[in-house]
Amino acid sequence: MKEILFDLFNLLSIIKQKLYCNVHNVIYVIDDPKMIAPVVPKIDIRYVKVQTISELNRYKHDENIRKEFVKFKYFLKHGVRIYLAKHNKNIVGYYLLADLDKFKLYLYNNHPIFQSTKRRYYIFHCRTFEQYRGNRIYPYMLTVMCGDVFSENKNSIIFISTS
């Protein structure tokens, strides 16, 4: 039954991509830690790295996390890391990081541009909540995520795409 649901999920994902993702994407590549310029957010930001469903359960009370909870559980089961940005006690955004050697989110992640002899990562599904935008949180979180990747393995390459 689980395999049928997984296949159905994949089929629906492919259909969604065909219908809604027919856009031109710009791919950004970071393959050298020296490319990461320091960013200081305008407000005090801490972050939490979520790697398990039990860690995610701690944030279930937050409305924005609750809306994405099923999707986040799916991603966590496939080794995706979720970074939560926090200001005071409020979650102000989420940002996801996948290891493309373990999990390819989208069909286009099979494109030759994503091939490399280096360890490959993909940053995706990033969102800073509207009331916190304009505070350099997103660029800050990108530097945090890239810094984590390169501190684990300097021989890495990170992709992020935008339409």
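User: Which residues have the most contacts inside the largest nonpolar core?

Analyst: Quick caveat first: this is a predicted model, where local features need pLDDT of at least 70, side-chain atom pairs count only at pLDDT 80 or more, and totals for chains, interfaces and linings use all residues. Residues are numbered from 1 along each chain as its sequence is written, and side-chain values use heavy atoms, leaving out hydrogens and water. A nonpolar core here is a set of buried Ala, Val, Leu, Ile, Met, Phe, Trp, Tyr and Cys residues joined through side-chain atoms within 4.5 Å, with buried meaning under 20% relative accessible area, exposed over 50% and partly exposed in between (1.4 Å probe, protein chains only). The largest such core has 46 residues, and those with the most contacts inside it are Ile-65 and Leu-84.

User: And which element gives the most to this core?

Analyst: Elements are DSSP runs numbered from the N terminus: helices (H or I) need at least four residues and strands (E) at least two. Those giving two or more residues to the core are β2 (46–50), α3, β3 (81–87), β4, β5, α4 and β6 (156–162). In soluble globular proteins, nonpolar side chains tend to be buried together. With 9 residues, the top contributor is α4.

User: Leu-84 came up above. Which residues does Leu-84 touch, not counting those up to four places away in sequence?

Analyst: Contact means heavy atoms within 4.5 Å. Leaving out residues up to four places away in sequence, Leu-84 touches Arg-46, Tyr-47, Val-48, Val-50, Tyr-59, Ile-65, Ile-91, Gly-93 and Tyr-94.

User: What does Glu-68 touch, with residues up to four places away in sequence not counted?

Analyst: Glu-68 sits in helix α3 (residues 63–77) and is buried, at 14% relative accessible area. Its side chain makes a polar contact of 3.3 Å with that of Tyr-94; a polar contact is a pair of N or O atoms within 3.5 Å, where within protein one must be able to donate a hydrogen and the other to accept it, and residues adjacent in sequence count only if both atoms are side-chain atoms. Another polar contact, of 3.2 Å, joins the side chains of Glu-68 and His-125. Under that sequence cut, then, what Glu-68 touches is Tyr-94 and His-125.

User: What value is phi of His-125 near?

Analyst: His-125 belongs to strand β5 and is partly exposed, at 27% relative accessibility. Phi is positive here, in a residue other than glycine, and lies near 45 degrees.

User: And phi of Arg-136, what is that near?

Analyst: Arg-136 is in the loop between β5 and α4 (137–152), and at 43% relative accessibility Arg-136 is partly exposed. This is a positive phi in a residue other than glycine, near 60 degrees.

User: On to charges. How many salt bridges are there?

Analyst: The rule asks for a side-chain nitrogen of Lys or Arg within 4 Å of a carboxyl oxygen of Asp or Glu. One of them pairs Asp-99 with Arg-119, at 2.4 Å from N to O. By this rule the count is 7.

User: Where do Asp-99 and Arg-119 lie, and how many residues apart in sequence are they?

Analyst: Asp-99 is buried at 7% relative accessible area, whereas Arg-119 is partly exposed at 28%. Asp-99 is in strand β4 (residues 90–99) and Arg-119 in strand β5 (residues 119–128), so their salt bridge ties together parts of the chain whose separation in sequence is 20 residues.

User: Which residues do salt bridges with shared partners join into one network?

Analyst: Arg-119 also bridges Asp-101, with the closest N and O atoms 3.6 Å apart; Asp-101 is in the loop between β4 and β5, so this pair ties together parts 18 residues apart in sequence. Asp-101, partly exposed at 42% relative accessibility, forms a salt bridge with Arg-120 too, at 2.9 Å between the closest N and O atoms. That second pair links parts 19 residues apart, and Arg-120, at 5%, is buried. Through shared partners, the network joins Asp-99, Asp-101, Arg-119 and Arg-120.

User: Last one: how many disulfides are there?

Analyst: A disulfide needs a pair of cysteine sulfur atoms within 2.5 Å. For Cys-126, the nearest cysteine sulfur is that of Cys-146, 9.9 Å away. Cys-126 is partly exposed at 27% relative accessible area, while Cys-146 is buried at 3%. By this rule, the number of disulfides is 0.
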